[in-house]
Structures are given as C-alpha cells and as structure tokens.
Amino acid sequence: MLKLMLGGLAALLLVASAVLWMLRPGAQRLAGGAAPDFALPDQDGQTHHLGDYAGRWLVLYFYPRDDTPICTQEACRFRDDIGILGDLNAAVVGVSLNDTRSHADFARKHQLPFPLLSDPEGKTAAAYDSLLNLGLMRFARRRTFIIAPDGHIAARFDKIDPASHAQEVARTLRTLQQTARQAPPPAR
C-alpha cells in the first residue's frame with residue numbers, strides 16, 4: 001500500500017513539474033507580442049539589430065549547430081528559397097550559439113546568402129524562448145519566428161521539418177500578408 005501511494009505521489013510530482021515548466025515565465029508568450037531586440041554579429045563581423053529590419057518582414061530562425069546534417073539541410077532550404085522569400089519582402093537571418101568564425105565557414109561552404117548571427121551567451125535565444133540549457137551544454141532550439149514589419153511576432157514555429165520548412169514559412173508569409181492587406185485601417 002505504501003509503495004502504491006509513493007508511486008502515485010511520484011507520478012503527481014512529475015506531472016506537476018512538467019506543467020510548471022510549460023508555464024514558466026516566457027514560455028510561449030512571444031507569439032503576437034513585440035519581438036525582443038537584439039544586437040548580434042554576423043559571419044562577417046557586422047552587428048545586426050532588430051530595428052535594421054523595420055518596415056519589412058523578417059524570418060528569424062534559431063538552429064543548434066553549424067554544419068550538422070539537419071541544420072545544413074534547413075539552411076540550404078532557406079538558401080534555395082531566398083528568391084521566393086525576397087519576393088515576399090522578407091529577410092532571412094539564422095541564429096545559433098556558434099561563434100562568427102564557425103558561421104563564416106558554414107556560410108561559405110554552403111553559399112548561404114543571408115546573415116548567420118552569433119549568440120554565444122544565448123541571451124537572444126533565451127529572449128525568444130529558444131535556448132536549450134543542458135547544464136554543461138547549451139544550444140539554440142530549432143525554432144523560427146516571422147516578425148512583421150511593425151516589429152511584432154506574427155508567427156512562431158516550434159515543430160520544424162527542415163526539408164519543407166522554408167516552403168511552410170513562405171506559405172505562412174503569404175497568408176499573413178493577405179490578411180494584413182484585407183484588414184481595415186485602424187480607427188483614428
């Protein structure tokens with residue numbers, strides 16, 4: 001009887017901690033809100049700020065590591081669809097915790113035509129609820145955000161299939177832009 005009660009208590013604690021983890025400050029709060037600002041260097045050492053993209057759409061994607069198979073597939077899909085995204089007035093920017101040298105090698109090797117920002121302390125990844133901290137190891141979670149021209153987060157992608165993600169982002173951008181064109185102007 002005691003074993004059964006202890007087992008039930010352990011299960012209850014496990015469920016409660018999972019719920020509390022999902023409800024922690026910052027979890028899922030970003031969609032629809034203002035995009036957190038950032039100031040991060042790219043593979044060429046140029047610092048990028050969120051404000052640099054004001055007035056156009058921004059596809060901000062976080063990824064774990066340069067030059068790993070899945071991260072490479074995702075980056076190359078964005079590379080291959082950069083014309084489609086550009087036609088939708090969208091800039092593409094990748095972010096990971098890798099340093100600028102790693103980003104430079106990765107971008108050169110795969111001819112990536114967009115900036116890869118270095119976030120070695122993980123502050124920007126954390127601000128976007130995209131930091132995975134495993135104690136001694138930290139990574140950016142694979143997440144993508146579409147930031148509207150006015151600086152709010154218009155869409156958030158948590159489950160990503162790297163093979164089709166760039167096309168999914170383009171479809172979502174088209175829908176967001178059509179909706180924005182159909183919305184009545186704000187009352188004065």
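## Close-up views of a predicted model

**View 1. Strand β8 and its partner β3.** In this predicted model, β3 and β8 run antiparallel, joined by 5 bridges. Val59 is a good place to start looking: across from it, in β8, stands Ile146. As for β8 itself, the strand covers residues 143–147, and 5 of its 5 residues are buried. Look at how the side chains split: Arg143, Phe145 and Ile147 point one way, while Thr144 and Ile146 point the other way. Whichever way they point, all of them are buried.

**View 2. From β8 over to β9.** Here β8 meets β9, again in an antiparallel arrangement, with 4 bridges between the two strands. Pick out Phe145 and you'll find Arg156 of β9 standing opposite. The two strands form a hairpin with 5 residues between them. In this hairpin, Gly151 takes a positive phi, near 95 degrees.

**View 3. Inside the largest nonpolar core.** This core has 25 residues, and the ones that touch the most other members are Tyr61, Phe78, Leu85, Phe114, Leu116, Val169 and Leu173. Which elements give two or more residues to it? They are β3 (57–62), α2 (69–80), β4 (90–96), α4 (100–110), β9 (153–157) and α6 (165–182). Of these, α6 gives the most, with 4 residues.

**View 4. Leu173 and its contacts.** Set aside the neighbours within four places in sequence, and Leu173 is in contact with Trp57, Val59, Leu85, Leu88, Ala90 and Ile146. Two of those names may ring a bell: Val59 and Ile146 are the pair standing opposite each other in β3 and β8. Apart from the largest core lies another one, made of 19 residues, including Tyr53, Ala125, Ala140 and Phe145.

**View 5. Asp129 in its loop.** Asp129 sits in the loop between α5 (123–127) and β6 (131–133). Buried or exposed? Its relative accessible area is 10%, so Asp129 counts as buried. The residue has a positive phi of about 50 degrees, although it is not a glycine. Arg143 comes 14 residues away along the chain, and the C-alpha atoms of the two are separated by 9.0 Å.

**View 6. Gln111, out in another loop.** The loop between α4 and β5 (116–118) holds Gln111. What is the phi of this residue? Phi of Gln111 is near 50 degrees, a positive value in a residue other than glycine. Gln111 counts as exposed because its relative accessibility is 63%, whereas Asp129 is buried.

Methods: Residues are numbered from 1 along each chain as its sequence is written. This is a predicted model: local features need pLDDT of at least 70, side-chain atom pairs count only at pLDDT 80 or more; totals for chains, interfaces and linings use all residues. Side-chain values use heavy atoms; hydrogens and water are left out. A nonpolar core is a set of buried Ala, Val, Leu, Ile, Met, Phe, Trp, Tyr and Cys residues joined through side-chain atoms within 4.5 Å. Buried means under 20% relative accessible area, exposed over 50%, partly exposed in between (1.4 Å probe, protein chains only). Contact means heavy atoms within 4.5 Å. Two strands pair if DSSP finds at least two bridges between them.
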